[in-house]
Amino acid sequence: MKILIIEDEQDMLQNMKDFLEKENFIVETANSILQAQNKIGVYSYDCILLDINLKDGSGFSLLEDLKKKNIEDGVIIVSARNSLDDKLEGLNLGADDYLAKPFHMSELNARVKAVLRRSHFKGNNKIKLGNLCVDIDEHKVDIDQTPLNLNRKEFEILLFFVSNQNRLVNKSALAEHVWGDHIDQADNFEFIYSQIKNLRKKLKDAGAEIEIKAVYGIGYKLVEA
Amino acid sequence: MKLLNYTTSYFAAILFLLLGIWAVIFYVEMLDEIYDSLDDGLGNQKTLIINRAKNNPENLKRLDFQDGSYTVRSISNSQAITFKDSYRDTLMYMHNENDFEPVRLLETVFKEGDKFYKLKIITSMVEEDDLIEDLLFSLILLYLGLILSIVLLNNLILKKIWNPFYSLLHQLKNFRLEKDQKINTVSSNIDEFNLLNTRIEQMLDKSISSYNSQKQFIENAAHELQTPLAISINKLELLVEHEELNEQQIELVASVLNNLEGLTRMNNSLLLLSKIENQQFPDEQEIDFNDLITNLKHDYKDLAGHKQMEIKIESTSVLKYTMNKGLARILLSNLLKNAIIHGEKGTEINVMISVNSFRISNSSKHGALDTTRVFSRFQKNPGSKNSTGIGLAIAKTIAKKYQLQLDYTFTQEHNFHLYK
């Protein structure tokens, strides 16, 4: 899978590159619209991460360009301008997703994978992990072909972990991903802890060959048992 | 009291006093003058009568005033020597008026031949009470005339003269710094008004520009913080994945991460606040608060459930306000979140919707909050270290933007009441 990151903030670019390379993606970078146009003209990418405020113009114009040329690469807008208008404009111009800065790496990872799944596994969207099979479109989880009964939130937690398997998932990243901005305040430690506890119990009772490990103070990590 | 009426009332009082004093002086002077001229007339008559008496001795004996205005009678020498001319006022019966009327009387003595005669001459005199009455009447007329002309003057001329002042005042009355409006001053020939206008224009320009730059500063600062915050958090997330870190080191990184995340939340809240204040949410639509709170109840089900809290919604009426959809959601979710976070475990959160009123209550452990500060920024509950203390400030700002009242009261429970 090839990913192009278009971002003029060097540190930001490097972070995303480092993280995504650990996920075994082939990552290329561009720090201006011109550079990006050159790369897009020559290669094709599975996913493009596009910053809006670039020094030689707006990412929106590049996006318009891409769509005019019928380039089918998945595009995720990454912007520091967290405004609804920008989000709507980006999505109207054909972007697949919109991610506001600052974001957690695990969130980026989940979004990239969702875009890739949508474009590459149309219809047959399943992830296998040990004896676990997650059907993303149907919102179902099987363990050894036996359906596991999860509520909507538990499913989302599990999917987020599965997208970030073997990576450290920050608990606030998890909270934001699953509950939006609804629990960004106090008490989220305990709250998330109790949600994870329930999920762990269900997984364990069903004999899943995966484990959600706690990493003290930071969050959790999903590993194959 | 208005400026114009104020000066008018002062003028009226001063004029009253001045005219009163003037009237007394005028009256005394006039009376003096009248007496003077009456006495002159009497003196002249005296000469005429004496002259006539020399020619016609018959005239030397007139004992009463029957058809003339004088009497003559002889007196003894001894009386005549001690006698001095006297002018005085007296009363005399007037047949035409059927009453005693004041007259001016001259008593004098003259010598004709060897004999002395006493001469009394009268002349009718001003009736003082009539004079005073006339004077008073004219004075009142004059006074009213003056007051009327002052009022007219004030209203026509002064109003015109003070127009720049009133125009300025009117605009200042409706001036709101956050509305970004201009003050239009009326130029005038009067130096003081021109000075006032220029000074006020300068001051307002300065206030507006510092208000704008303050707004800009918060927005820019919050905005510029996004990227470095993002970079720092992400770098730490990468760092913490290194296998060689021990538990202590991870704990340190976790603490830094937590603080950075807190900073990010606060930054986002500040950015939101300044966006609301900068009117960056123009789209408005009718929002059904019953629907909205029901949706939010569902969204917060997990968090409330975690604290074994129950959210009860009681609605007796439709409640709709026209506002931005996103902001309406933030307003209600901040109130609900606040109730869940600060409410006690295992209690109820009550939402009451009635005609033009939305009320949310949660139980309390600590008693009433400081009503003057509950909606201020960075007002934190000491018990919850993770809250930014901006949630209620945002709720209040949103309510204010749509001319809604958001009040806090305490009645065993914390109540937040939203109404128009």
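# Exercises on a two-chain predicted model

An open sheet of five strands in chain A has the order β2-β1-β3-β6-β7, with parallel pairing. This is a predicted model, in which local features need pLDDT of at least 70 and side-chain atom pairs count only at pLDDT 80 or more, while totals for chains, interfaces and linings use all residues. Residues are numbered from 1 along each chain as its sequence is written, and chains are lettered from A in the order in which they are written.

## Exercise 1: the sheet

Find the edge strands of the sheet in chain A, then describe how β1(A) joins β2(A).

Step 1. Strands are DSSP runs of E with at least two residues, helices are runs of H or I with at least four residues, and both are numbered from the N terminus. Two strands pair if DSSP finds at least two bridges between them.

Step 2. β2 and β7 of chain A each pair on one side only, which makes them the edge strands. From one strand to the next, the twist averages 20 degrees.

Step 3. β1 (residues 2–6) and β2 of chain A run parallel and are joined by five bridges. Within this pair, A:Leu4 stands opposite A:Glu28 of β2(A).

Step 4. Helix α2 (residues 33–42) of chain A packs on the sheet and touches β1 and β2, its direction making about 140 degrees with that of β2(A). Angles run from 0 to 180 degrees between N-to-C directions, and axes are lines fitted to C-alpha atoms, for helices over the stretch in contact.

## Exercise 2: two helices

Decide whether α5(A) and α7(A) are oblique to each other or not, and list the residues that make their contact.

Step 1. The axes of α5 (residues 105–120) and α7 of chain A are 8 Å apart, at an angle of about 45 degrees.

Step 2. Angles under 35 degrees count as roughly parallel, over 145 as roughly antiparallel, 65 to 115 as roughly perpendicular and the rest as oblique. The two helices are therefore oblique to each other.

Step 3. Residues are in contact if their C-beta atoms, placed from the backbone, lie within 7 Å. α5(A) contributes A:Ser106, A:Glu107 and A:Ala110, and α7(A) contributes A:Ala173, A:Glu176 and A:His177.

## Exercise 3: backbone geometry

Describe the backbone at A:Pro102, A:Asn24 and A:His139.

Step 1. Most residues other than glycine have a negative phi, and most peptide bonds are trans.

Step 2. The bond from A:Lys101 to A:Pro102 is cis, with omega near -5 degrees. A:Pro102 is in the loop between β7 (97–100) and α5 of chain A.

Step 3. A:Asn24 has a positive phi, near 65 degrees, and sits in the loop between α1 and β2 (26–30) of chain A. A:His139 also has a positive phi, near 55 degrees, and lies in the loop between β9 (132–135) and β10 (140–143) of chain A.

Step 4. A residue is buried if 20 or more other C-beta atoms, placed from the backbone, lie within 10 Å of its own, exposed if 12 or fewer, and partly exposed in between. A:Asn24 is exposed, with 7 such atoms within 10 Å, and A:His139 is exposed, with 12.

## Exercise 4: the interface

State how many residues of chain A and chain B are in contact, and which element of chain A gives the most.

Step 1. In chain A, 31 residues are in contact with 34 residues of chain B.

Step 2. α1 (10–22), β12 (168–170), α7 (171–179) and α8 (188–205) of chain A each give two or more residues to this side. α1(A) gives the most, with five residues.
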